[in-house]
Amino acid sequence: MKRFTLVSLSIMLMLLASLTGADAKLRVVATIPDLADMARNIGGDLLEVKSLATGVEDIHAVPMKPSFVILLNRADVLLLVGLEVEHAFLPALLDAARNPKILPSAPGYIDCSIYVTPLEVPHSIDRTLGDQHPRGNPHINLDPVAGKAMARAMADGLVRNDPEHEATFKKNLAAYLAMLDTAIARWQREAMPLRGVKFISYHPDLIYFAQRFGMEPAGTIEIRPGVDPTPSHIVALEERMQREGVKLVVRERHYPAGLAETVAQRTGAKLIELPVMVGGVPEAKDYVSFIDYNVRTMLKAVQGG
Ligand SMILES: [Zn+2]
């Protein structure tokens with residue numbers, strides 16, 4: 001009887017192990033909430049998804065927490081935007097996490113920028129000057145068409161890591177892309193009044209957004225990506241705004257308010273604040289509502305006069 005109990009117990013444990021094995025969800029860590037939201041759409045119940053950033057941070061400088069190292073240590077898959085936008089925090093976290101599954105050469109390292117052609121690729125770079133965009137402008141998540149390319153790269157990466165569920169990932173991706181297509185068609189209709197509108201921003205976060213909706217970026221408060229403004233730069237920027245009739249200043253919400261307010265006041269421009277990731281404002285609760293928020297806030301600024 002005793003022997004029977006032990007044998008049945010061990011069989012039960014084996015069964016349980018194989019069951020949990022079959023049920024085990026792929027542990028996915030995304031650098032930003034945009035990627036986490038896309039992953040939930042593409043992977044559904046097959047994934048357990050966590051995001052490092054909450055969306056209110058500067059994507060170039062997400063503050064590192066010990067909990068991130070634990071998450072990355074246990075991850076099966078890492079989702080990153082790529083184009084070195086996470087350069088200031090991700091390499092150090094990956095070093096600390098010691099997880100070979102998600103190192104840059106491993107299948108679990110999913111760079112979601114691979115199907116996007118970057119804009120503003122520099123001819124030469126100098127990191128000593130604080131250059132934050134060594135491989136071109138990495139703020140691709142603000143353009144929903146680039147968002148589709150990110151979702152495709154993500155789905156391909158998930159299939160690579162969990163080929164058994166390829167059909168599910170592909171079906172979910174197709175549904176997600178169709179949903180984005182419907183939203184993109186609506187945004188392009190709604191955003192017609194944005195065409196030709198010139199604006200400045202603190203940092204060139206809105207390059208892809210502007211290109212998508214026909215807006216014209218006319219400069220940044222920063223001298224270059226990651227390089228703080230000087231008084232002479234601001235004078236030149238304000239002169240250009242007056243000369244070119246720039247009536248809109250965008251402050252990305254993680255940049256200081258004072259200077260953007262001053263520039264707007266001195267040039268008679270309207271100042272708006274925009275999130276650069278999902279979660280940057282409460283309304284931007286997923287990728288679609290994030291793009292929605294930015295299109296609507298831009299429209300309100302332009303139409304409100
Ligand atoms: Zn940047």
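Me: What does buried mean for a residue here, and where does partly exposed begin?
Reply: Buried means under 20% relative accessible area. Exposed means over 50%, and partly exposed lies in between. The model is predicted. Take Asn 172: its relative accessible area is 19%, so Asn 172 counts as buried.

Me: Where does Asn 172 lie, and which residues does Asn 172 touch?
Reply: Asn 172 sits in helix H6, residues 166-190. Leaving out residues up to four places away in sequence, Asn 172 touches Asn 41, Ile 42, Gly 43 and Gly 44. The side chain of Asn 172 also reaches the backbone oxygen of Ile 42, at 3.0 Å.

Me: How many helices and strands does the protein have?
Reply: The protein has 10 helices and 8 strands. Its C-alpha trace spans about 90 × 45 × 35 Å along the principal axes. Of the 305 residues, 49% are buried. The exposed area is about 14,600 Å², and carbon and sulfur atoms supply 58% of that area.

Me: What share of the contacts joins residues 24 or more positions apart?
Reply: Take the contacts with a separation of 6 or more. Residues 24 or more positions apart account for 65% of them.

Me: Now the metal. Which residues coordinate the zinc ion?
Reply: Four histidines do, each through NE2: His 60, His 133, His 139 and His 203. The distances are 1.9 to 2.0 Å. Along the chain the donors follow the spacing H-x72-H-x5-H-x63-H. One pair links distant parts of the chain: His 139 and His 203 are 64 residues apart. His 139 is in the loop between strand E4 (109-111) and helix H5 (144-161). His 203 is in the loop between strand E5 (198-201) and helix H7 (207-213). Both of these histidines are buried.

Me: Why is the arrangement around the zinc ion called tetrahedral?
Reply: Start from the ideal: four tetrahedral donors have angles of 109.5 degrees. Around this zinc ion the 4 donor atoms subtend angles of 106 to 116°, which makes the arrangement tetrahedral.

Me: What else lies in the loop between E4 and H5?
Reply: Pro 122 does. Its relative accessibility is 27%, so Pro 122 counts as partly exposed. Neighbours within four places aside, Pro 122 is in contact with His 133, Pro 134, Arg 135 and Gly 136. His 133 is also one of the zinc ligands. Ile 32 is 90 residues from Pro 122 along the chain, and their C-alpha atoms are separated by 25 Å. Glu 120 lies in the loop between E4 and H5 too.

Me: What is the sign of phi at Glu 120, positive or negative?
Reply: Positive: phi of Glu 120 is near 55°, in a residue other than glycine. Glu 120 is partly exposed, with a relative accessible area of 44%. Arg 98 has a positive phi as well, near 45°. Arg 98 is in the loop between helix H4 (90-97) and E4. At 68% relative accessible area, Arg 98 is exposed.

Me: Last feature. How are aromatic pairs sorted?
Reply: Ring centres must lie within 6.5 Å. Planes under 30 degrees apart count as stacked, over 60 as edge-to-face, and the rest as tilted. The count here comes to 3 aromatic pairs. In one of them, Tyr 287 and Phe 290 have ring centres 6.2 Å apart and planes at 45°, so the pair is tilted.

Me: Where do Tyr 287 and Phe 290 lie?
Reply: Both are in helix H10 (residues 287-303), 3 residues apart, about one turn of the helix. Tyr 287 is buried, at a relative accessible area of 0%. Phe 290 is buried, with a value of 0%.

Key: Residues are numbered from 1 along each chain as its sequence is written. This is a predicted model: local features need pLDDT of at least 70, side-chain atom pairs count only at pLDDT 80 or more; totals for chains, interfaces and linings use all residues. Side-chain values use heavy atoms; hydrogens and water are left out. Rings of Phe, Tyr and Trp (its six-membered ring) pair if their centres lie within 6.5 Å; planes under 30 degrees apart count as stacked, over 60 as edge-to-face and the rest as tilted. Helices (H or I, at least four residues) and strands (E, at least two) are DSSP runs, numbered from the N terminus. Buried means under 20% relative accessible area, exposed over 50%, partly exposed in between (1.4 Å probe, protein chains only). Donors are N, O and S atoms within 2.8 Å of the metal (3.2 Å for Na, K and Ca); water is not among the atoms, so sites may look incomplete. Four donors count as tetrahedral if all angles lie between 85 and 135 degrees; four count as square planar and six as octahedral if opposite donors are over 155 degrees apart and all others between 65 and 115; anything else is irregular. A polar contact is a pair of N or O atoms within 3.5 Å; within protein, one must be able to donate a hydrogen and the other to accept it, and residues adjacent in sequence count only if both atoms are side-chain atoms. Contact means heavy atoms within 4.5 Å. Accessible areas come from the Shrake-Rupley method with a 1.4 Å probe; for residues, only the protein chains shown count as cover.
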